[in-house]
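Trainee: Please pick one part of this model and go through it closely. Explain each term when you reach it.

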Amino acid sequence: MRAMDVVVTDLEMRFAPGADEEPLLRIPRWRVPATGRVCVTGASGTGKTTLLHLLAGLRQPPRGSIRIGDVRLGELREVERDAFRARHVGLVFQTARLLPALSALDNVALAAGLGGMPRATARQRARHLLERVALLSRAHAFPAELSVGEAQRVAVARALASEPGVILADEPTASLDPRRRDAMLTLLHEVAEAHQATLIVVSHAHEVQSRFETLVRLEELAHPGVAEEVA
Amino acid sequence: MSTWELVVAGLRFRRVATLLNALGVALGVGLVCAFLVVQSAVVQRFSEPGRDYGLVVGAPGSALQLVLSAIFHMEESPGRVPLALWDELAAHASVALVVPYAVGDSFRGFPVVATTDAFFDARFPHPAADGVHGKLQAGRPLRFDRAGLDAALAGEASHLREAVVGKGVAEALGLRVGDHIEPSHGVADDAPAHEHEALWDVVGILAASGTALDEVVLINLDSFHGIEEHEASRDAALSSLLVFPRRGVHTAVLLGELRGRSDLQVAQVSAELRRLLERIGRFDVLFAWAAGLSIALALLSIFTSTVTGLRARRGELGVLRALGMARARLLTLVVVEAATVALAGALVGWVAGHGLVWAAGGWVESLAGIRPDASRVGAAEVVLVLGVTLAGALAGLIPGMQAYRVDVAGVLRQAEGS
């Protein structure tokens with residue numbers, strides 16, 4: 001895996017493209033260096049999740065560009081963005097969002113396979129990651145059989161399945177109690193460190209923000225020079 | 001994981017809906033398959049025995065009745081015709097072979113057909129038309145004595161009494177060459193029948209033909225008229241005449257000549273059978289529509305189930321897209337799921353349909369006199385299974401397109417409640 005920086009340039013995103021009102025998101029320039037760990041904060045409805053979706057290539061901004069490593073997402077066709085995301089971007093959601101029809105092992109192996117790994121390698125990688133999150137013994141359990149904390153750990157293992165250069169987490173502890181929340185944040189830091197991945201977490205929770213040395217308020221990103229480079 | 005593994009996992013996870021949808025398809029396909037097998041048996045029953053027959057000549061009346069009587073031994077003959085007609089047709093320049101029949105007797109429920117050794121001519125199509133030996137499983141052909149016939153018609157007793165029995169008769173009654181049988185006068189089960197008090201020697205057993213000939217007893221025509229009970233019919237000695245015209249225009253020539261006569265009727269076997277099958281076909285169409293409708297309803301069920309299922313699975317689809325699964329693969333996933341349910345249902349229905357035919361074969365036979373072969377697989381069934389699978393795939397196409405167009409960011413945002 002190769003460490004990847006994330007660079008956002010002249011980004012503007014409105015609720016309705018072309019509308020006259022103030023943009024939802026405006027980021028003249030923002031760079032997160034490779035292996036950086038950043039927590040993006042902001043009030044609800046300020047566009048934190050939208051930013052994460054843009055960074056993941058799930059949405060395309062009408063203006064501006066996003067570069068991850070050497071790749072400008074806007075220059076890729078959709079199918080290429082899908083492949084890039086599968087290979088280089090790991091996503092963690094507010095809830096585990098595991099596929100209910102698949103076992104924990106298959107959920108992780110599926111992500112590895114989508115990232116381009118051959119079947120045997122993907123399953124080996126899935127076992128390794130489940131062991132890493134202390135869930136190898138639950139590898140064949142289905143999501144309905146897992147506790148909330150276990151499911152979220154499987155989700156972290158899934159995010160790492162394709163050995164991504166960037167991990168994006170959207171309020172990853174929102175559904176967890178305080179004890180599990182701390183364990184989850186520790187796990188995210190550990191796996192980002194271990195895999196030399198860039199970690200960007202969005203959260204409005206102070207408990208999450210306190211675990212990051214670098215905090216960026218979304219509103220600050222709108223002002224050039226304030227948060228041009230973080231981490 | 002391959003797309004197929006994802007499909008199987010998804011179907012297994014939604015096993016109740018999968019099972020119900022597949023059973024719906026199975027019900028429709030099973031009915032259609034059973035119908036196709038029975039229909040095939042009916043068509044074979046009524047077309048195969050009639051193949052290669054030319055014309056049937058008999059007393060005026062229903063042409064279909066004449067054919068059913070002469071070819072299938074299912075109906076009474078419309079009447080009788082004089083022996084002179086046989087001589088006339090045999091001498092006709094357009095005729096290659098004439099086989100006379102006289103009916104009216106039975107032997108333990110099987111119809112007795114009095115005929116001549118012309119039945120064993122290579123030109124007579126059933127059983128196997130490759131000569132005398134091909135027609136017989138055992139024994140020899142019956143003999144016919146024209147002088148004996150003339151003597152019998154003059155009131156003298158016949159001394160030559162020979163019988164050749166069909167394969168089915170021999171099996172059902174355990175008859176072998178060398179046995180003796182004693183036919184009864186009358187053919188209907190409830191007809192007053194009495195035995196002729198004369199014995200016929202079983203001299204041969206017909207090879208199996210899969211036709212009504214398997215279920216008849218042939219006796220020599222001269223012996224038929226040597227029986228006292230048949231005295232009244234000696235003026236009109238024959239029930240029908242199977243006429244095999246020479247090749248070329250001779251069939252048309254004969255039809256032209258014979259259709260103009262009021263003392264007889266002529267039926268072209270192939271034309272009458274076509275009419276018969278057309279009549280049966282009208283019921284076929286009704287049944288086919290009903291069975292087809294049940295398949296259509298099952299496919300509609302797959303469609304609605306997939307559409308409503310997708311609404312509940314939008315979050316899953318969003319996650320798959322977020323993990324990097326391409327839109328085209330999502331579409332494939334949904335379409336293959338629907339096609340798999342349809343295929344599974346079609347295969348179960350196909351097996352169940354044949355099972356139904358196997359289980360109900362005896363009942364069908366008692367009802368219609370036809371025992372359908374449950375092991376027989378027609379090309380139409382293969383087309384049906386493939387067609388239903390394709391229709392299932394098409395039923396999955398619209399929900400598949402919904403999956404294709406899913407707004408992943410919107411779905412994730414909605415699901416996360418932000």
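Mentor: Start with the place where the chains meet: chain B and chain A together bury about 2500 Å², with 60% of that area on carbon and sulfur atoms. Buried area is the accessible area (1.4 Å probe) that two parts lose on being put together, summed over both. This is a predicted model, in which local features need pLDDT of at least 70 and side-chain atom pairs count only at pLDDT 80 or more, while totals for chains, interfaces and linings use all residues. Residues are numbered from 1 along each chain as its sequence is written, chains are lettered from A and ligands numbered from 1 in the order in which they are written, and side-chain values use heavy atoms, with hydrogens and water left out.

To the contact between the chains, chain B gives 25 residues and chain A gives 25 residues; contact means heavy atoms within 4.5 Å. Between chain B and chain A there are 4 salt bridges, each a side-chain nitrogen of Lys or Arg within 4 Å of a carboxyl oxygen of Asp or Glu. Over all chains the count is 26 salt bridges.

A:Glu78 is a good residue to find on the structure. The side chain of A:Glu78 forms a salt bridge with that of B:Arg327, at 2.7 Å from N to O. A:Glu78 also meets B:Arg321 in a salt bridge, at 3.3 Å from N to O. This second pair joins two chains, because A:Glu78 lies in helix H2 (residues 78-88) of chain A and B:Arg321 in helix H10 (residues 269-322) of chain B. Helices (H or I, at least four residues) are DSSP runs, numbered from the N terminus.

Next, look within chain A, at helices H3 (residues 104-114) and H5 (residues 148-159). Their axes, which are lines fitted to C-alpha atoms over the stretch in contact, come within 8 Å and cross at roughly 25 degrees. H3(A) is therefore roughly parallel to H5(A), a term for angles under 35 degrees. The crossing of the two is right-handed, meaning that the near helix is turned clockwise from the far one by less than a right angle. From H3(A), the contact uses A:Ala104, A:Asn107, A:Val108 and A:Ala111, and from H5(A) it uses A:Val154, A:Ala157 and A:Arg158. By class these are 5 nonpolar, 1 polar and 1 charged residues. Ala, Val, Leu, Ile, Met, Phe, Trp, Tyr, Cys and Pro count as nonpolar, Asp, Glu, Lys and Arg as charged, and the others, Gly among them, as polar.

H5(A) also packs with helix H6 (residues 178-194) of chain A: their axes come within 11 Å and cross at roughly 15 degrees. H5(A) and H6(A) are therefore roughly parallel too, and their crossing is right-handed. On H5(A), A:Val148, A:Gly149, A:Gln152, A:Arg153 and A:Val156 make the contact; on H6(A), their partners are A:Arg180, A:Met184, A:Leu187, A:Leu188 and A:Val191. This contact has 6 nonpolar, 2 polar and 2 charged residues.

Finally, in chain B, helix H12 (residues 379-395) packs with helix H13 (residues 397-404) at an angle of about 35 degrees, their axes 4 Å apart. B:Ala393, B:Leu394 and B:Ala395 of H12(B) touch B:Leu397, B:Ile398 and B:Pro399 of H13(B). The contact has 6 nonpolar residues, with no polar and no charged ones.

Terms used: Axes are lines fitted to C-alpha atoms, for helices over the stretch in contact, and angles run from 0 to 180 degrees between N-to-C directions. Angles under 35 degrees count as roughly parallel, over 145 as roughly antiparallel, 65 to 115 as roughly perpendicular and the rest as oblique.
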